[in-house]
Amino acid sequence: YKLSVSPEMDIMEYCRKEWRGNTPVAKRMRKGYEAVAQKFASIRRIRGDNYCAFRATLFQALSQATQVPSWLQSEDFTMLPENLLSKYDWIKQWQLKQKLGKKMGGISDEIKEYLVLLRKKWKNISEIKDPTEKQEACDKLFKSEEEEYSLYEALKFLMLNTAIELYNDDKNGRRVPVFSWLLFARDTSSNPCQLMQNHLNHIGHSGGLEQVEMFLLAYALHYTIQVYRLYKYSTDEFITLYPSDPEEDWPVVTLITEDDRHYNIPVRMCQETVL
């Protein structure tokens with residue numbers, strides 16, 4: 001059993017431990033952490049296993065959730081797998097995570113189960129008013145491997161659904177965000193089927209989320225993901241927003257990365273910032 005989200009640690013203390021040397025990279029990282037420390041007091045390390053972008057984003061979203069997003073409450077939300085499979089036969093090639101000792105049902109039932117779990121957990125946690133209790137509920141959820149990985153499967157499927165919508169919108173001449181063109185301009189994902197086979201099916205196994213897929217995750221959740229990219233300190237990409245022109249009513253979650261591959265989370269906003 002490994003901790004998915006480590007306990008809080010002072011940001012600058014963490015930075016001093018990780019970046020001791022005097023190389024240009026170490027100096028840049030320290031400057032980056034100093035900038036983050038203007039806004040946040042602590043950092044929590046996220047377990048790195050190719051799911052860390054999902055883990056960091058979902059943990060932050062649930063930690064601050066006070067209501068269930070409207071897309072999660074909609075009637076047809078749990079019908080998604082059924083509806084998509086009736087239109088796109090290739091979705092049968094979706095790689096379900098192997099459930100140990102559990103008979104695999106139909107793919108549609110399995111995914112529906114994950115979506116129902118996501119809605120239930122989001123609802124339960126958002127109803128907790130006390131901040132300490134809310135935090136404890138999140139910590140507990142991210143210690144239960146079976147549930148945690150089921151939630152990531154739900155997120156992956158929501159990303160696929162969003163990709164299909166964007167692809168169809170573009171084909172039908174509707175306006176789509178720029179990242180959507182970039183997503184489908186890759187040789188390995190020129191359509192949603194390829195995106196699933198060559199990218200989504202591998203997330204968590206042989207790879208994490210690429211930059212363009214961070215946009216897709218943000219769109220799927222209707223959240224703005226703000227990332228402090230420490231190695232980009234002192235450039236205009238130091239704080240990157242996914243999407244870059246977010247909807248005003250989307251909640252914001254904040255992550256930290258040193259290399260665009262592994263993500264940790266800053267916690268405890270400094271008082272001045274809150275005011």
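1. A good place to start is aspartate 10, whose bridge partner in β2 is serine 42. This is a predicted model, in which local features need pLDDT of at least 70 and side-chain atom pairs count only at pLDDT 80 or more, while totals for chains, interfaces and linings use all residues. Residues are numbered from 1 along each chain as its sequence is written, and side-chain values use heavy atoms, with hydrogens and water left out.

2. Back to that pairing: strand β1 (residues 9-10) runs antiparallel to β2, with two bridges between them. Two strands count as paired if DSSP finds at least two bridges between them. Helices (H or I, at least four residues) and strands (E, at least two) are DSSP runs, numbered from the N terminus. On top of β1, β2 also pairs with β6, antiparallel and over four bridges. There, serine 42 sits opposite valine 267 in β6.

3. How covered is β2? Mostly: four of its five residues are buried, where buried means under 20% relative accessible area, exposed over 50% and partly exposed in between (1.4 Å probe, protein chains only). Have a look at arginine 44, which lies in this strand. Because its relative accessible area is 6%, arginine 44 counts as buried. Its side chain makes a polar contact of 3.0 Å with that of aspartate 139. A polar contact here is a pair of N or O atoms within 3.5 Å; within protein, one must be able to donate a hydrogen and the other to accept it, and residues adjacent in sequence count only if both atoms are side-chain atoms.

4. Now the largest pocket, with a volume of about 610 Å³. It has 20 lining residues, and Gln60, Ser63, Gln135, Val267 and Arg268 are the closest to its centre. A pocket is an open set of points on a 1 Å grid over the protein atoms alone, where a 1.4 Å probe fits and protein lies on both sides within 12 Å along at least five of seven lines; lining residues have an atom within 4 Å of a point. Points are joined across faces, edges and corners, and the volume is the space filled by probe spheres set on them.

5. Who builds that lining? At least two residues each come from β2 (40-44), α3 (52-63), α7 (131-141), β5 (252-257) and β6 (263-269). The largest share is five residues, from α7. Sorted by class, the lining has eight nonpolar, six polar and six charged residues. For these classes, Ala, Val, Leu, Ile, Met, Phe, Trp, Tyr, Cys and Pro are nonpolar, Asp, Glu, Lys and Arg are charged, and the others, Gly among them, are polar.

6. The second largest pocket holds about 370 Å³ of space. Trp71, Leu80, Asn161, Thr162 and Glu165 are the closest to its centre, out of 16 lining residues. Two or more residues each come from α5 (80-87), α8 (145-171) and α11, and α8 gives the most, with five. This lining has eight nonpolar, five polar and three charged residues.

7. The aromatic rings deserve a point too, with 19 aromatic pairs in the count. Take tryptophan 71 and tryptophan 122: their ring centres are 6.2 Å apart and the planes stand at 80°, so this pair is edge-to-face. It links distant parts of the chain, from helix α4 (residues 70-73) to helix α6 (residues 107-126), with the two residues 51 apart. Rings of Phe, Tyr and Trp (its six-membered ring) pair if their centres lie within 6.5 Å; planes under 30 degrees apart are stacked, over 60 edge-to-face, and the rest tilted.

8. Tryptophan 122 is buried, at 0% relative accessible area. Its ring also pairs with tyrosine 223, in a tilted arrangement of 6.0 Å centre to centre and 55° between the planes. Tyrosine 223 lies in the loop between α11 (211-221) and β3 (224-229), so this pair ties α6 to a part 101 residues away in sequence. Tyrosine 223 is buried as well, at 5% relative accessibility.

9. Just ahead of that loop, α11 is mostly covered, with 10 of its 11 residues buried; Phe215 and Tyr219 are among them. Ring pairs join Phe179, Phe215, Tyr219, Tyr242 and Trp250 into a cluster. Right after α11, histidine 222 has a positive phi of about 60°.

10. Last, β4 (residues 239-242). Thr240 and Tyr242 point to one face and are buried, whereas Ile239 and Leu241 point to the other and are not. β3 and β4 run antiparallel, joined by four bridges, and isoleucine 225 stands opposite tyrosine 242.
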